[in-house]
Structures are given as structure tokens and as C-alpha cells.
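Biologist: Could you take me through this structure, beginning with one of its helices and then turning to the sites where ligands sit?

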Amino acid sequence: MTYIKPKFRHPELPKNKLGYSVDHYEGALSTLCAGCGHDSISAGIIQAAYELNIEPHRLAKLSGIGCSSKTPAYFLSNSHGFNSVHGRMPSVATGAAMANRDLTYFGVSGDGDTASIGMGQFVHVVRRNLNMTYIVMNNGCYGLTKGQDSATADQGSKNKSGNVNLFESIDLASLAIELGATFVAQSFSGDKSQLVPLIKAAMNHPGFAFINVISPCVTFNNNLGSTKSYDYVRDHVEATATIDFVPQMQEISVDYGKGTQKNVTMHDGSVLQLHKLAEEWDPLDRQSAMNAVINAKAKNEILTGLLYVNPDAHDLHHMIKTSDHPLNSLTKADLCPGSAILVDINAELR
Amino acid sequence: MSSQKSKVNDFVVRFANVNGTGSASANFLFTKAIFRMGIPVTPKNIFPSNIQGLPTWYEVRISEKGYLGRREGIDLMVAVNPQSMLNDVKSVKAGGYFLYDSSKKLHAEYIREDINYIGIPLMQMCNDAYSDARQRQLFKNIIYVGALAALLDIDFKELEGLLADQFKGKEKLIPMNVKALQMGVDYIHSNFKYPLDIRVERRDLLGDSILMEGNAACGLGALYAGATVVAWYPITPSTSVVEAFGNYADEFRIDKITGKRNVAIIQAEDELAAIGMVIGANWNGARSFTATSGPGLSLMNEFLGLAYFAEVPTVLIDVQRSGPSTGMPTRTQQSDVLEAAYASHGDTKHVLLFPSTPKECFDLTVDSFDIAEQLQTPVILLTDLDLGMNDHCSAPLVWDDKREYNRGKVLNAEQLDKIEKFGRYLDVDGDGITYRTYPGTHPSKGSFFTRGTSRDEYAAYTEDSGAYERNMDRLIKKWNTAKNIVSPPQVYQEKNHSEIGILFFGTSQYAAEEAMDMLKDDGIVVDAIRIRAFPFNKTVEDFVNSHDSIFVIEQNRDGQMKSLLMIELEANADKFISVLNYDGMPITADNIIKQISGKLKLKTEKSLNS
Ligand SMILES: Cc1ncc(C[n+]2csc(CCOP(=O)(O)OP(=O)(O)O)c2C)c(N)n1
Ligand code: SF4
Ligand SMILES: [Mg+2]
């Protein structure tokens, strides 16, 4: 059995700046359950990469283990992918990013993969401000192992077998802000119009960009009582602001009414446009972002949108002063001190 | 007279110090002066898992014959630690010497009739000469080195020369140190007969040898091999591998103009992350390594299985210490052999390399990067605390400028253009080693999905049994290819002389070679082989098959190398006799002889009877 889609290109599909139509960004046929939220997010990733004019081979996609972590096989088939081990994608991404600073790194994880087994690595990749996009497809359960509660399942919610979750849930977005993440967003798999610009903005952020995407598991966690079911999320979502992401090379549109719009200029000159819907929302203000997330949680609401961004943050390469040339491009001539130096080193050891 | 003579350049000095009192640099001064007099010398640190306050020992063997293993029996004890004094007195050989601080009178329980006491009022001398507490502490150590110079006939000029080297750029400190040395010399000259019967005499036995720790040599090897991404988590005794690498990188990897670094060193949150980073970096085309010890190796298991199965080159330096669990964390052992060989679940096997000298630490570390990339698999360099954290006399390090890095089978964009369809796991050459590509190479060809799940030749996920089996069998084919790529063993004879062989690896070499000489003196000739790598190649297999009995010398309880030989060579268990040492101290020749000679007698009797 093969999951590779037959390659049929619709000749009339519009092309992006690189001359690629959107299907150039697709991957193998998904094997997830029909209606799984994760597939919607994959579609969002495909759309974002297309709109951003990403050269697929200049992007590396990485994941851990889980239904969510399978998705990199279902988008960007012209990119190298690495489906690593459960909860350890951050370390593999860190090593990869250290080896070649010129590629774009795109990580996908699940709530089990990140908030339980991978919590240690997640915390530390945030601290290091690794230049990558990190999406958690958050369904509040372990999909692949058939529906056990995850650490993001809300306290008091019932899982498919009817058991009530006794434990406090981990809120990944507020945790990320607390840990010093420099880009934190939250969205819903069913809200493509919000998700795509957020993914684009995340990919352009020059540091660690985290998006926690609520992504209902239709098989194990879409039941009444689950706060991560479609219905629950639809009823309880509150958007902070709608955003647009305008890459540097495109003209910046200015047809938004003054007073409702806030522009955040990214490092490379591209612009994030926020249409202020929620009152007094300032994504540059870490403290109020924290407060808003906590308040929303108290009201059992899910705050979506770009919660916090620090566009001037320095990434890991900058902090440890690595060469501007990708380390994997350096040769013996750059790296090996040679025999004469070794003669001197020997002399010092006598 | 003759017994007197044999004590020249042949004795053991042990220093009993308190951890964290600056004794290490003074003791090293002593060792290095003897080294510079051309006499083989081998120091061992015996230190606690503690930063300050607990007893620590530094044991130095001086051997005209060039035996660099440890030897039991202490000829001279420098006892400056009241805490361990009672045991220190007991550990001196009859007829030996006990140097102590006589500022306070020695209590009666410390007095033995059969040893000689050399009392020097170290504390008193320091209190009189220095007002600063720190100076009193530090110079106490220098004074006893001065006293030893007089007692053992160490060339004072060598000590002065070493101080000049040590304080280059801080020349002001030299005269103070020389003065302290001189205080020690003078005290001996005016109070004792000198030199002692145990003493040194200048020789030229070391040629162009260097004195170096194995860990520093590993770090330097990784630098020469072109490692650019290093991820690690601190653990004794491996920490100084990365520290050494970092120091050399500060010197040789910083761009003079931009100040930017041709290296990324990351202290990870744990060993899982460290090995994950190494795998990610190697996957992405950089040379990358980590260094750890037993507990770290245990944590790295799952990832090692991924690297084996997904075929990502990985270099791991395991500086072994005494296990199990936290064991004796600051004592040596060779007890990670099986853990490393079969790390991770499922059918996994890993390439192991076993260096035994600093030069080999350097060479085999360089090789490990070539081998890992050639074979696209993890390579684990198994060294140990003794080799890693003690100075060893070693042949000098050599680098051939013509040597190129062997990056293995990696396709670039032009090569990909010429290929119809790229198959990441397609065995094109029939050696089990397939072609890989780095991410970012080609816009439309050569991308693939790396995963720990089963896949077909084109890296597509599959649960087809046939494809799974083909892949597992190809990995074994690759394993067989590896036998001719890894370092060959050192064989000690051109032709077999005996039905009996001895087999050893790593730091057991020193004591094993000395034991072989001792056997030879008794007229017993045995054949010998030193294993340098796993998988075992044909030479190892032939050695095992062509001897009736083989003593396997190793520093662990369970005879792990013996097990590995039995499993992998399907050799008869009766053939192997374990010679073991697992007390945490480096194995000695006497210990080997004690174990071998009894069993050797039994063996010969058995063969006479049958
Ligand atoms: C070390 C290890 N332990 C357990 C598993 C089994 N396992 C596979 S996926 C998974 C949970 C995945 O949950 P999540 O990350 O939320 O992904 P989802 O399937 O919900 O998208 C577990 C426990 C594993 N693969 N590895
Ligand atoms: S089990 Fe749940 S998470 Fe997994 S594919 Fe099905 S719907 Fe998606
Ligand atoms: Mg989940």
C-alpha cells in the first residue's frame, strides 16, 4: 500500500513568486482519521508556506511521536523531514539548526509529546530562543495510544471512557510566555483565516515561535464535556486580534481604519498587522499577555491570536556567536589547525 | 647492594591530600620534573566525589622499565591529611618512608617499627614565613615538593624550569615559589641523610613522548576531525573532554576578524537532549559529538537506537566509571562494554573503539568521525576514567596534513541530477551502505523522510514484513562491512607460540604488558592480542579460534568482553578464562599474575591428565 498521492497538477492553479502552485507544498496522503483537527493544521501549513514563497528544500520539518507528529509526512514533500522519538524533537531541531543556520526549521508536536514526555526539552528550547517554528497540535489527549488524558486536558473534563480528569491542566501558551518565549500564539485548527497568518508570522519570526493550536481529536476527544471538542472550542473562543502578515517583499496594504490596527515590524522589515478587536491588546506587553491568558482560562475561554511577540529578540546563534556561514559548510581548511600547530601542542606537553 | 640499586627509578610515591587545597598543581610539578628527567612516570588521581574537604590521593609510579600501569605497594607516603593518616601509615610497605607534618607531635598510634619517618614542620614553616592564610596553604604543598626533590634527587633545575613555564606572563610569582621549594630542600639538607635509597637518576627513556590526559586528547582529536556542533551534559569523568575541546576551540575556531565562532557548544538540559542534538546536527551535515559516562549512556539508549535504525552518523565518547547506577563515580572501570555494544531496544549493535593511550584517544576520536560517516551509524569511543583523567606518557600526537575527512556517501545536487530516482535506503553498492543527502541540497530531488519506523528503500513508511526484513538484513551486511573499516587489533606476535593467549583492551594494556614480561621471566610464553574495536574483525576471530585457552583481562565484574566474544564469535565458553579487576582502581600486573598463574597451573594439569 502506498500513501503517495498521484501527482496531478491542475494547470490553472495560481502560482506564487517562485512559480509554484499550492500543490507543490503538499505531502503524502494523510492516514489520520477523517476530520482530525491535525489535518486542518497541515492544510494551514501548506497554505502558509505557499503564500510565503518558501523554497521547500530550504525548510526542514521535524517532529516527535504521535498522530500530530506524523503530519510532517503530509505536507511539504520536497522538504527533508525527521520524525524523531517521543518528546525529543526540540533537541534534534536544536542540533540541526546549529549545523545550518540558513534553513527554516519547522517543528510539529502533540500535547503528549510536548507537555508530558517532552516537557524538559520544550522548556529548554524556549529558553534558548532557537530560531524555529514550533506548533503543538493540542487535542488534550494521546491520540495515537487511543485517548488517554494528556497533561493539557482540562481538570474536570471527561474522556471518552467517562473518566474525569483529576489534575490541573498545563497551559502551554502561558507557560511559554513565562519561560521567555519571544513569539507565542494560540489558535484553533478550524480557523484557517486566523491560523495561516499566524503560521506565516511565526515562520518569519527570528527566534522561537510557538503556536498552540487546539486541534480536536474526533475519535477520542470530541465528546461532550471535553474542552477540546469542536463544539466547546467554537463556543468558547475569544480572539485577541485578527492579524495579517505581510512579508517584506510585498507591498504593505494600508486600507485598515486607524485606531483599529497595530503594526509590528519584524526583524527583516516584514510587518505584522493586528486589527485590534479585543480591547487594549498589546502583543508587545508580556505582562498583560500573561494576565489576559490567565483571565481567559479562569473564564474557561480560549484566547486565540498572537498573544505575545518580541520582534527584537536574539536567537541562539546570535547568543553563542556562531559563524555567519553554516557550520555544515565549513571545510577542513576552516576547521583543522594542521600539523604545525600539533607540533607546538606536543611541545607544550613535554 | 643490588637491592639498593633496583630502587633507583623504581618506586611508588603516594600523596595523601585534602580535596581542594591546591595540592594538585604541586603534585603535578613533582611528576612533570621526573618526566623531564627522561624517566617513565605514571600518576593516578584517586579522588572523592566531592569538591572540598574529603581525602584525595595522588599516586605516582616511577619505572625505569617503562611500566606505566599501577603497582601495589607504597614506598613513600607524603601524608599531609590528618583525616586519612591512620590508613596512610598502614599502607606503606615495610622498609618504606612516611613523610609527615611534624608541626605537631605524631600520636603513638601512627608509629610503626618497620617504616622510616621523615618529619617536616610544614605548618610551622609556613606560619613563620607567610602571613596570608591562602599562601600558607599553597606553599605548604610546594615545600614538600622541595623536600622530595632533595630526598629523591630530583633535579632542582627541572622544577625551576617548570615554574617558569607555569607562570609565563606572571613572572612575579616565580621567585616566591622557588623560595618555597628551597625551604623544603634546605630542611632536608640540614636534618636528614639524603638522597634516600629510593631515588631518581636522569635517563633518556622517553624520547619525544608527551605527558597528557586522555580526555584532552579526545577533545583535541574532535577539533582536528572538524567537529562543529558539540552537545553535552556535565558528568565526571567525561566533562574534561568537552572542556578541552572548548579551550582548543577558543584558540583555533574564532574568526580573527569577525570574532565569530566556527563551533557551537551547547550544554544541554540532560543527556537525552545532548545526544538528540548530536543526531540532529549530524543529520544536517555537520560533524557533531557528545561525551558522557555510564548514567548518561543509559539515558541515551533510545536515541542510539534511532541513530542506528535511521542511519544517522553519531559520535559518542563514553569515559567509563564504576557502575552500576551512580556506583563509585570517581573510580575507573571498563563496565559499559555490553551496554554500549547493544544500546537500545530491538536488534541493535554499535561500533565501539577502545583507545588505551592519549595518542590513541586522539587518533581514534578522529577515526570515529570518519567511521560514523562512512557507516552512517553511531560510533562509541569507550575510554575510562584512568585514561581520561590521569596524565599518561604517550607517543606524541601526529596529524597528516594530507588526510581528508571521509564524509561517506553523500550526494550533492549535481550527483542527484544524474540519478533517475533517489533511494535513501537503496543498497546500490552492495556493501549495505546507502547514499544520503543533506537537507537543502536540491529543489526537487533527494529529499526524504528520516524516521525510526520501518520504511522501504525509498524511505516511505511501510509495515510490509518483506521490506522490514530486507532492511534489517542490509544493516547486518553493513555491520560486516564495518569489520574491515574499524581499527584492527594489536597482535603481539607474528606467529602463534602457544596454545594459550591473553586478550585485553583499553587501559588494561599497561598491566597486561607488564604481566607478560613477568611471565616471560618465569619462562612462560603466551600469545597476546589487544582489541581496538567492535565488531571484531577476522584477526580477532582467528586469534580466538587458534588458541585453546584465552585469558580475557578486563576491569569489570561480569567479564563483559568475554561475553561479547562468546556471543559474536560463537566461540566455546570453556575457552575463555576471565581475569577481572573491579575495585575501582586501575588493574595491576601483580593482580593479573596472581589470577593467571593459579589458573595456568590448573590448565596445564588438566591437559596433562587428559
Ligand atoms: C518512549 C515512548 N513512550 C511511549 C510511546 C507511545 N506513544 C506514542 S504516541 C504517544 C502519545 C502521543 O500523544 P500526543 O503527543 O498528544 O499526540 P497525538 O497522538 O494526540 O496527536 C505515546 C504515549 C512512545 N512512542 N515512546
Ligand atoms: S486518533 Fe485523534 S488525533 Fe489521532 S488521527 Fe484520529 S482524530 Fe486525529
Ligand atoms: Mg494529543
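Modeller: This is a predicted model, and helix H7 of chain A is a convenient place to begin.

Biologist: Is H7(A) largely enclosed or not, and how many of its residues are buried?

Modeller: Among the residues of H7(A) that are buried are A:Leu195, A:Val196 and A:Ile199, and A:Lys200 is also on that list. The helix is largely enclosed by the rest of the structure, because the number of its 13 residues that are buried is 10.

Biologist: Which residues coordinate the magnesium ion (ligand 3)?

Modeller: The donor residues follow the spacing D-x27-N-x1-C in sequence. Two of them link distant parts of the chain, one lying in helix H4 of chain A and the other in the loop between strands S4 and S5 of chain A, 28 residues apart. Both residues of this pair, A:Asp111 and A:Asn139, are buried. At 2.1 to 2.2 Å, the ion is coordinated by A:Asp111 (OD), A:Asn139 (OD1) and A:Cys141 (O).

Biologist: What share of the area that ligand 1 exposes when taken alone does the protein bury?

Modeller: Residues from chains A and B surround ligand 1, so the site is shared between chains. Oxygen atoms of ligand 1 lie 2.7 Å from an N or O atom in the side chain of A:Ser68, 2.8 Å from one in the side chain of A:Asp111, and 2.8 Å from a polar backbone atom of A:Gly143. Of the 590 Å² that ligand 1 exposes when taken alone, the protein buries 77%.

Biologist: Which element supplies the largest share of the shell around ligand 1?

Modeller: The shell has 6 nonpolar, 9 polar and 3 charged residues. At least two shell residues come from each of H2, H4 and S5 of chain A. The largest share, 3 residues, comes from H4(A).

Notes:
Residues numbered from 1 in each chain as written. Chains lettered and ligands numbered in written order. Predicted model: local features only at pLDDT ≥ 70, side-chain atom pairs only at ≥ 80, totals over all residues. Heavy atoms only, no water. Buried < 20%, exposed > 50% of the residue type's maximum accessible area, 1.4 Å probe, protein only. Helix = DSSP H or I, 4+ residues; strand = E, 2+ residues; numbered from the N terminus. Donors = N, O, S within 2.8 Å, 3.2 Å for Na, K, Ca; no water. Near = heavy atom within 4 Å. Polar contact = N/O pair within 3.5 Å; in protein donor to acceptor, adjacent residues only side chain to side chain. Areas by Shrake-Rupley, 256 points an atom, 1.4 Å probe, with all protein chains shown as cover. Nonpolar A, V, L, I, M, F, W, Y, C, P; charged D, E, K, R; others polar.
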